[in-house]
Every structure is written in C-alpha cells, then in structure tokens.
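Q: Got a minute to go through this one with me? I'd like to start with the strands and then poke at the charged residues.

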Amino acid sequence: MSRIPATIAWIAPPEGPAVRMIDQTRLPGELVMIDCRTVEQLCEAIVSLRVRGAPALGCAAGYGLALAAHLSSAITVDQLVEDLSRARATIAATRPTAVNLFWALERVMAVLDVPAEDAHRELSSVRDLRGKVLAEAELIAADDLDRCVRLGRYGAELLADGANVITHCNAGALACAGYGTALGVMRAAAEGGKRLHVWVDETRPLLQGARLTAWELIQEGIPCTVLCDNMAGWLMAQGKVDCVLVGADRIAANGDAANKIGTYGLAVLAQAHGLPFYVAAPLSTLDLDTTAGTEIRIEQRSPEEVSLVAGRLREPITPTAADIYNPAFDVTPAELITAIITEVGVFAPPYEKAFCGLQT
Ligand code: MRU
C-alpha cells in the first residue's frame, strides 16, 4: 500500500473533534499535517487548496459535516438539521467544479432524513444522528480508497510494460482518500511488475504536477520526469509518449470530462499524434444530472496565482496593468476520450449508453 500518510482523517475527542489533513500547499518542501477545528477553517483549507483533488474534496465535505455535527449545541433533531444545513451551504460555496464535494454533502445529509414521526426530539437521538453523520463521512473515505484500488486494477490492464505515460495535475493519493485515480492506475501497474516511466506536466499555475505528482511518484519509486506544460506536443512528436492518463473533477452523462486546466490541450495533442487518452475516475465523479460538459461550472481563481507563480515569487512576473485569465479547469469533449476507467470497469464510447443506469 501507499507510503504516503492519509490525505485526510477524522480526529475524535479528546484530541478532536478535528479534520486532520496534509497541507498540500507546503509540499514538496515539507510534509505538514494541519487540524481544522471549525467548519470555517475547513472551508479555508479547501479554497486555498491545502486539501484538493475531487475525491479528497468529497472526503473533506463529509468530514466537514461531521465536524459541524460535533460542534453543534443542538438539543433537538430539528436544530441539528438546521445547523448542518447551514454548514452544508458554507461548504458548498467553496469550490464549484468537483462534483464529489456536492455528492458527499448530499450523501451525508441523507442520513438526517428521519421521518418526522420517527424523530424523537431528545438528546439521545441527537447524539445518535451525530454518530451516524460521522459514520457516513468515514464510509465515504474508506469507500474512496477501495474504489481507487479497484479502478487501478482495471486501468493497469491498459498500460503496456515499458510504457511512457503522460499525466497532468495530481490525480494521486493526495487527491483522494489514498492510492489515487490516474496515479492509482500507474501504481497498480507498477505493483503488477510493469516498468513505467511517467512524464509529469508541471501544471501551471499552481504546479500540482511539479510539486505533488512528482513527489508522490518519487515516494512510490516510479520513474518520472517533469516538463513544462508547453513541452508535451514536442515530446509526442518525437514518439516519446505512449498514452495520456489523467483524472477528472466532473464527468457529464455524455462523457465530457472537466479536469485541471490544460487537460483539454493534452487531449487535442493526443488525438493529433494518434495516442490513446484515458480518464480515470471513481463513479462518485460521474454527474448524470449534467447532460454535457457545457453545463459544468468552471471555477475562476485569483489573478495572483498566475502573476506570482504559485505564490513563491513575491515579485509579479506580469506588468501590474495586465489582465489575467485564470480558469481552474477545462472540459475535454467525450470524442477525444478513448476510455474512462472506473471501479466497475473500463468504459468506451458512446458514454451516454455505457453510463445509463449506473449508481454513483
Ligand atoms: O484544483 P485541484 O488541484 O483541486 O484540481 C484537481 C484536478 O484537476 C485533478 O486532476 C482531479 O480532481 C482528479 S483527482 C483524482
């Protein structure tokens, strides 16, 4: 299993209640754990990308509601539901694109769907519900790890021994409860004895590839090389890439997939060079209520992320008067995606048909 500590975990009283997580903004320099003790601290951690990656955001949302439930002074079930509804709205307002965050909020809130006649408005039943909320959050995290391991095994079949794989952003253990999606596939292939080499797009502007994916692959002993995002085309033209393998933040019912900005460009390049383009994601990333990628809300982030180079350079690299464009994600149309790797198998187009009736 992974040598990387759990991305996110629940800390029970007396040390908690708290949500403990790796502060991913400090990597690769230092591996630091932080404790979020309020819903506001947790939301700050989400917005600043201390915790990030679609499945990890689902775990954070679930634990955020568990935290709200433990901090609530509610005496009746109605008061608890009110407190958690407020927390849900606060967490939902953090980042709009990764569907896992909303999926987890709904899944945990469903635990509170107690028919009015069954809800004894007593202290014992509030305590009971608090426990159920935490149990559901814990289940989401455990389940995510299991989904990643299973999808890793399916995806590993697609990678040949000796393959050169290019990836974008970080879809590894850090982006999930553990193991990873796109990196989970690489990990499973390596565990199965395949020799791989991974080309890691640095992933401007926040450098999740250079900082996080390279760090993870080095921890796992998988050979990798970092490149600037604008070098991928030339690399492919020289025949140095066998396939593209990335994660996703939200996959629409027609197979259009939102992922870190720059993924779409990589998909176009893959098609131009006749290379397979794979997306690896658990079914919790599938949004069957969204018909097509055009409906996916793309998060716009602050101009400083571009002008200050991942916050490391104090001096802007742009003239102060320059307008800056900073969408956090793009959408790769389904027709550019060779296959979508999930925990229940590998899907090929047409995705509408393949996804029909699936339970997320
Ligand atoms: O802005 P981030 O770092 O949260 O974006 C993350 C990505 O785009 C990942 O590729 C995606 O969430 C898949 S993670 C398994």
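**Strand β5 and its surroundings**

A: Five of the five residues of strand β5 (residues 197-201) are buried, so β5 is largely enclosed by the rest of the structure. Keep in mind that this is a predicted model.

Q: Which residues of β5 sit on one side, and which on the other?

A: H197, W199 and D201 are on one side, V198 and V200 on the other, and all of them are buried, so both faces of β5 are covered. That split fits the usual pattern: in a regular strand the side chains alternate between the two faces of the sheet.

Q: How many bridges join β4 to β5, and do they run parallel or antiparallel?

A: Strand β4 (residues 164-167) is joined to β5 by four bridges, and the two run parallel. If you want a register point, I166 has W199 as its bridge partner in β5. Between those strands the chain goes from β4 through helix α6 (residues 182-191) to β5, a β-α-β crossover that is right-handed.

Q: And what about β5 and β6, how many bridges there?

A: Four bridges join β5 to strand β6 (residues 224-227), again with the strands running parallel. Here V198 stands opposite C224 in β6. The chain gets from β5 to β6 through helix α7 (residues 208-220), and this β-α-β crossover is right-handed.

Q: OK, switching to charges. Where is D144?

A: D144 is in helix α5, which covers residues 123-156.

Q: Which side chain of opposite charge is nearest to D144, and how far away?

A: That would be R147, at 5.7 Å. A salt bridge here needs a side-chain nitrogen within 4 Å of a carboxyl oxygen, so R147 doesn't qualify. D144 is buried and has no salt bridge.

Q: What is D144 in contact with, then?

A: Leaving aside its neighbours within four places in sequence, D144 is in contact with P55, C59, C176, A177 and P282.

Q: And R147, which network of salt bridges is that linked in?

A: R147 is linked with R107, E136, D143 and E343 in a network of salt bridges.

Q: How many salt bridges does the structure hold?

A: There are 21 salt bridges in the structure. One of them is in α5: D146 pairs with R150, the closest N and O atoms being 3.2 Å apart. D146 and R150 both lie in that helix, four residues apart, about one turn.

Q: Are D146 and R150 buried or exposed?

A: In between. D146 counts as partly exposed at 37% relative accessibility, and R150 counts as partly exposed at 32%.

Q: What about E305 and R301, how far apart are the closest N and O atoms?

A: They are 2.8 Å apart, and E305 forms a salt bridge with R301. E305 is buried, with a relative accessible area of 12%, and R301 counts as buried at 16%.

Q: And R20 with E15?

A: R20 forms a salt bridge with E15, where the closest N and O atoms are 2.5 Å apart. R20 counts as partly exposed at 23% relative accessibility, and E15 counts as partly exposed at 48%.

Q: Last topic. Which domains is the chain divided into?

A: Domain 1 is 8-148 and domain 2 is 155-355. Their C-alpha centres lie 27 Å apart. The contact between them takes 27 residues from domain 1 and 34 residues from domain 2.

Conventions
Residues are numbered from 1 along each chain as its sequence is written. This is a predicted model: local features need pLDDT of at least 70, side-chain atom pairs count only at pLDDT 80 or more; totals for chains, interfaces and linings use all residues. Side-chain values use heavy atoms; hydrogens and water are left out. Buried means under 20% relative accessible area, exposed over 50%, partly exposed in between (1.4 Å probe, protein chains only). Lys and Arg count as positive and Asp and Glu as negative; His and the chain ends are not counted. Contact means heavy atoms within 4.5 Å. Two strands pair if DSSP finds at least two bridges between them. A crossover is right-handed if, with the strands pointing away from the viewer, the path from the first strand over the helix to the second runs clockwise. Domain bounds come from an automatic or database domain assignment.
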